[in-house]
Amino acid sequence: MRSPRLALALALVALAPATAQEPAPARPAEPWVKDPRKLTDDSRAGEAYFSPDGKRILFQAIRPEHPHYQIYVMDADGANRRLVSTGKGKTTCAFFDPRDPTRFIYASTHLDPRTHAPDPPERGARYRWDYDDAFDIFLASLETGEVLARLTDAPGYDAECAFSPDGARIVFTSTRGGGDPDIWHMNADGSDQRPLVQAKGQDGGPFFAPDGRTVLYRASREREDVMHAYLLRPGEAAQVQLTRAPRVNWAPYFHPGGRHVVYAANVGGHRTFQLFLVLADGSGREVQLTHDPGFDGLPTFSPDGKRLLWTSTRHGGAPQVYVADFVMPPDDAFRVPDPTAAPPAERPGGERRPAQGEGGERGARPTQGGGERGAHG
């Protein structure tokens, strides 16, 4: 999750405050993202997902009463926001149950009291996201917030969870076994937990394709500053690499039509992320959707594909949840990027790459840089 879904608000964009109030450069036109609207106004918010009927949104946010991200639900227009996680520990990567939209899954550390306190100031100031071993995946009631079932209890980090379209299976990211993060899947009741992707490097942010036959995820293989989006069919060894540009291509998510994948990528150092749409056929053809000089990441679509939901700092403050009307670009707008280009350099002035594990969620766990999906990412 979608992370990744981190499941946040997000780390890369919060590594350091802006040094000066400079006039914002003119933003190029964004013809495929119409009428962007900010839905949240929290200390930080991000990694948002629509309900199966498109009427409600799950997201994570930090508010003054809680030291870590918690899960909230709101109407699709941003109204009627309320807490649905326990309010304790850390949370990330909430996802509606397609069989019963009054239930949802999310990752949480609420069972470990050691995670309830705020982070030490020197650590919290960096908004570092950990692969905390206390994370497990829970099924909960959207109406009451009651935890209905604990789905994972193996030692290690279990998070970045998402249902299959029929609600029968769940994919997630896990560090069980003490190695790099891998992709796992299980039945909706937590049974039959099996690895799907176990490879050298960082794997995470998995989602099922709209037809339920393949799994989309992001991974870094040879270099920590390069990440790509991949497709894999469970039970098969061959994977399809979707992205080509050597950069952090992160937090991929399917358009409900099944032919396109939206994702975020660093295009101007590790603080500037933009949204791209790439074909899911492995051709590498893509089109850039956003052009804001700040952070645009953790994108997801409404069930009908007409709205794009993402996390952004385009208002000039902390990351918040945005929604816009989505226009599918024509086929001739898609191009294959130069695969030999160098990754974006760090910006002048000493901006550093985040350490491994920093980032928001959904992958917001881009361990090499990124905001929050976390959840998933």
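Good morning. Buried residues account for 60% of the 377 residues in this protein. Please keep in mind that what we are looking at is a predicted model. The protein exposes about 14,100 Å², and carbon and sulfur atoms supply 51% of that area. Its secondary structure comes to one helix and 24 strands.

I shall begin with the interior. In soluble globular proteins, nonpolar side chains tend to be buried together. Here the largest nonpolar core has 49 residues, and those with the most contacts inside it are F95, I105, W250, L277, L289 and L308. Which strand gives the most to this core? That is strand β20, residues 273-279, with four residues. Another core lies apart from the largest one; it has 13 residues, including L39, A45, M74 and A76.

Let me turn to a strand that is mostly covered, β11. Strand β11 spans residues 169-174, and six of its six residues are buried. Which residues lie on each of its faces? On one side are R169, V171 and T173, and on the other I170, F172 and S174; all of these are buried, so both faces of β11 are covered.

The neighbours of β11 come next. Strands of a sheet pair through backbone hydrogen bonds, either parallel or antiparallel. Strand β10, residues 158-163, is joined to β11 by four bridges, and the two run antiparallel. Within that pairing, A159 stands opposite T173 of β11. The hairpin of β10 and β11 has five residues between the strands, and there G167 takes a positive phi near 75 degrees. Strand β11 is also joined to β12, by six bridges and again running antiparallel. In this case I170 stands opposite M186 in β12.

I now move to an open sheet. Four strands form it in the order β6-β7-β8-β9, with antiparallel pairing. Its edge strands are β6 (91-96) and β9 (147-150), each of which pairs on one side only. Direction ignored, neighbouring strands of this sheet are turned by 25 degrees against each other on average. Inside the sheet, strand β7 (residues 103-108) and strand β8 (residues 136-141) pair in the antiparallel sense over six bridges. F104 stands opposite A140 in β8.

Next, the aromatic side chains. The count comes to 17 aromatic pairs. I have chosen one of them, F207 with Y253, whose ring centres lie 4.9 Å apart. Why is this pair edge-to-face? The planes of the two rings stand at 75 degrees, and an angle over 60 counts as edge-to-face, so the pair falls in that class. F207 belongs to strand β14 (residues 202-208) and Y253 to strand β18 (residues 249-254), so the pair ties together parts that are 46 residues apart in sequence. Are these two residues buried or exposed? F207 has 2% relative accessibility and counts as buried; Y253, with a relative accessible area of 14%, is buried as well. The pair also belongs to a wider group, for Y49, F95, F207 and Y253 form one aromatic cluster. F95 was named earlier among the residues with the most contacts inside the largest nonpolar core.

Charged groups meet aromatic rings too. The charged end of R63 sits over the ring of Y72, at 3.9 Å from the ring centre. The charged end of R221 likewise sits over the ring of Y230, here 5.7 Å from its centre.

Finally, I would like to draw attention to two backbone angles. Most residues other than glycine have a negative phi. E47 has a phi near 50 degrees, a positive value in a residue other than glycine. Where is E47 placed? It is in strand β2, residues 44-50. E47 has a relative accessible area of 2%, which is under the 20% cut-off, and therefore it is buried. D192 is not a glycine either, yet its phi is positive at about 55 degrees. D192 is found in the loop between β12 (182-187) and β13 (194-197). At 36% relative accessibility, D192 counts as partly exposed. The two residues are thus placed in a strand, for E47, and in a loop, for D192.

Thank you for your attention.

Notes: Residues are numbered from 1 along each chain as its sequence is written. This is a predicted model: local features need pLDDT of at least 70, side-chain atom pairs count only at pLDDT 80 or more; totals for chains, interfaces and linings use all residues. Side-chain values use heavy atoms; hydrogens and water are left out. Rings of Phe, Tyr and Trp (its six-membered ring) pair if their centres lie within 6.5 Å; planes under 30 degrees apart count as stacked, over 60 as edge-to-face and the rest as tilted. Buried means under 20% relative accessible area, exposed over 50%, partly exposed in between (1.4 Å probe, protein chains only). A charge sits over a ring if NZ of Lys or CZ of Arg is within 6 Å of the ring centre and within 35 degrees of the ring normal. Two strands pair if DSSP finds at least two bridges between them. Axes are lines fitted to C-alpha atoms, for helices over the stretch in contact, and angles run from 0 to 180 degrees between N-to-C directions. Accessible areas come from the Shrake-Rupley method with a 1.4 Å probe; for residues, only the protein chains shown count as cover. A nonpolar core is a set of buried Ala, Val, Leu, Ile, Met, Phe, Trp, Tyr and Cys residues joined through side-chain atoms within 4.5 Å.
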